[in-house]
Amino acid sequence: MSKLFDPTKVGDISVRNHIVMAPLTRNRSPGAIPNDLNVEYYRQRATAGLIITEATAITHQGQGYADVPGLYKKEALDGWKRVTDAVHAAGGKIVVQMWHVGRISHTTLQPNGGKPVSSTNRIAKAKTYLVDNDGSGAFADTSEPRALETSEIPGIVEDYRKAARAAIDAGFDGVEIHGANGYLLDQFLRDGVNDRNDQYGGSIENRARFTFEVVDAVTKEIGAGSTAIRISPVTPSGESYDSAPQVLFTHLVEGLARYDLAYIHVIEGQTGGDRDFMQGTNPAFDYAALRQAYEKAGGKANWMVNNGYDREMAIDAVESGRADLVAFGKPFIANPDLVERLEKNLPLNAPQQATFYGGGPKGYIDYPVVEKAA
Ligand SMILES: Cc1cc2nc3c(=O)[nH]c(=O)nc-3n(C[C@H](O)[C@H](O)[C@H](O)COP(=O)(O)O)c2cc1C
């Protein structure tokens, strides 16, 4: 049997296999509060070595889609405590993905209907997901953002620190900082979005500063062994382009090597799409070189990979040592018992896109059972 199915240690977290459930936004927590449906959904998937929750807003300002859960109010944290208890009772481990969407939001989701905040005043040609009063969901254009004042940034770093503490208090085994997919931290990292003139804009060092400040605050608060980060070096979600992603992300991982993080989570290619996707023409993004740079700088965290993996690819990645952990997204939506299916080489249910977000056209009521294993 492959090493993929053996127990291992992820920072301070002992897990029963190398299979990870990737973060999957489901828009099923009205009022930002995890409910019975969320408890059952995560409990069903507790055989994953590690569950990474759906992206979870660190503050109301960090909300960008309807019915996404939060970490910023008591009822939400009580809801999460029920989730973490259920996963632990089933023998699983669970970290929360901490999210601030930046400009990928809508005024109707923001405190007092304000503008979403970002590294820039420029609007993203991107969609967000809203739910009407009758419970039906629809995608909508994102709203025009406002660039954060330099003086506001320490406050957001503090929001991450508080959210991390709240997460641990709610029973999570750790946190994953969402640095991927064109959201706030990515909006600062990329020169295609970040047009600032202050110490958070311009050079790669300046653009990476915010992410490092967040990592620094979170690791000081909860410990590096319970802290992780997700990156998507070439994904252009939310128009998050960069002219030199290899240089940018090499700088980032070299800096991350200073911390004894639980894992670095790398989405290879375009998130949810082409694994071979890269920006520009030449050269191709080199993931092996990225890992080498991290290790050369002294980094020891588990290297987690994701995007379009199947059983054979996952076994190969872990056996060859190319990765320590493999995260599966869509396969976990359709197969709560994915680990067992992979282990026994059983057929998988195919994920159905129409069921991914929210409750579907009729609301939440008649939706949940699609992900029960056959
Ligand atoms: C319905 C859905 C929701 C997603 N939500 C998130 C999210 O909240 N945070 C995140 O970092 N990625 C999110 N992703 C990306 C997945 O984590 C993953 O990177 C992607 O699905 C590719 O992995 P896969 O081929 O195993 O599905 C989402 C993807 C899907 C399909």
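**Helix 5 and its partners**

I began with helix 5 and helix 6, whose crossing is right-handed. I note that this is a predicted model. The two axes come within 10 Å and cross at roughly 35°, with helix 6 covering residues 245-256. I listed the residues that make the contact: helix 5 gives Ile204, Ala208, Thr211, Phe212 and Val215, and helix 6 gives Val247, Leu248, His251, Leu252, Gly255 and Leu256. By class, I get eight nonpolar, three polar and no charged residues in this contact.

Next I looked up helix 3 (residues 153-169) against helix 5. I find the axes 9 Å apart, at an angle of about 35°. This crossing is right-handed. On the helix 3 side I noted Ile153, Val157, Tyr160, Arg161, Ala164, Arg165 and Ile168; on the helix 5 side, Phe210, Glu213, Val214, Ala217, Val218, Glu221 and Ile222. The contact of helix 3 with helix 5 holds 10 nonpolar, no polar and four charged residues.

**Glutamate 221**

I followed one residue of that contact further. Glutamate 221 sits in helix 5. Which residues does glutamate 221 touch, not counting those up to four places away in sequence? I find Arg161, Ala164 and Arg165. For glutamate 221 and arginine 161 I looked up the C-alpha to C-alpha distance: 6.5 Å in space, with their positions 60 residues apart in sequence. I enter glutamate 221 as partly exposed because it has 18 C-beta neighbours inside 10 Å.

**Nonpolar core**

I then turned to the largest nonpolar core, which has 101 residues. Val20, Ile264 and Val326 have the most contacts inside it. Helix 3 supplies the largest share of this core, seven residues. I looked up the contacts of isoleucine 264, leaving out residues up to four places away in sequence, and found Ile229, Val253, Leu256, Tyr294, Ala301, Trp303 and Met304. Leu256 is also on my list for the contact of helix 5 with helix 6.

**Ligand shell**

I count 23 residues around the ligand, and the closest are Ala22, Pro23, Ala55, Gly329 and Lys330. Which elements give two or more residues to this shell? They are strand 4 (50-57) and helix 9 (330-334). I sorted the shell by class and have 10 nonpolar, 10 polar and three charged residues.

**Positive phi in the loop between strand 3 and helix 1**

I checked two residues here. Asparagine 27 lies in the loop between strand 3 (19-21) and helix 1 (36-44). Its phi is near 55°, a positive value in a residue other than glycine. Is asparagine 27 buried or exposed? I enter asparagine 27 as buried, because 20 C-beta neighbours lie inside 10 Å and the cut-off for buried is 20 or more.

Alanine 32 is in the loop between strand 3 and helix 1. I read a positive phi of about 70° for alanine 32, although it is not a glycine. Alanine 32 has 19 other C-beta atoms within 10 Å, so I enter it as partly exposed.

**Three further loop residues**

Aspartate 191: I place it in the loop between helix 4 (184-189) and helix 5 (204-222). Leaving aside neighbours within four places in sequence, I find aspartate 191 in contact with Arg207, Asp242 and Ser243. Aspartate 191 has 17 C-beta neighbours inside 10 Å and therefore counts as partly exposed. I also looked up aspartate 191 against valine 175: they are 16 residues apart in sequence and 27 Å apart in space, C-alpha to C-alpha.

Aspartate 274: I find it in the loop between strand 12 (263-267) and helix 7 (287-296). I enter aspartate 274 as exposed because it has 12 other C-beta atoms within 10 Å, and the cut-off for exposed is 12 or fewer. Its C-alpha atom is 9.7 Å from that of threonine 235, at 39 residues apart in sequence.

Lysine 125: I place it in the loop between strand 6 (117-118) and strand 7 (127-131). How many other C-beta atoms lie within 10 Å of lysine 125? I get 9, so lysine 125 is exposed. The C-alpha atoms of lysine 125 and glutamine 61 are separated by 20 Å, with the two residues 64 apart along the chain.

Key: Residues numbered from 1 in each chain as written. Predicted model: local features only at pLDDT ≥ 70, side-chain atom pairs only at ≥ 80, totals over all residues. Near = placed C-beta within 6 Å. Helix = DSSP H or I, 4+ residues; strand = E, 2+ residues; numbered from the N terminus. Nonpolar A, V, L, I, M, F, W, Y, C, P; charged D, E, K, R; others polar. Contact = placed C-beta atoms within 7 Å. Axes fitted to C-alpha atoms, helices over the stretch in contact; angles between N-to-C directions. Left-handed = near helix turned anticlockwise from the far one by under 90°. Core = buried A, V, L, I, M, F, W, Y, C linked by C-beta atoms within 7 Å.
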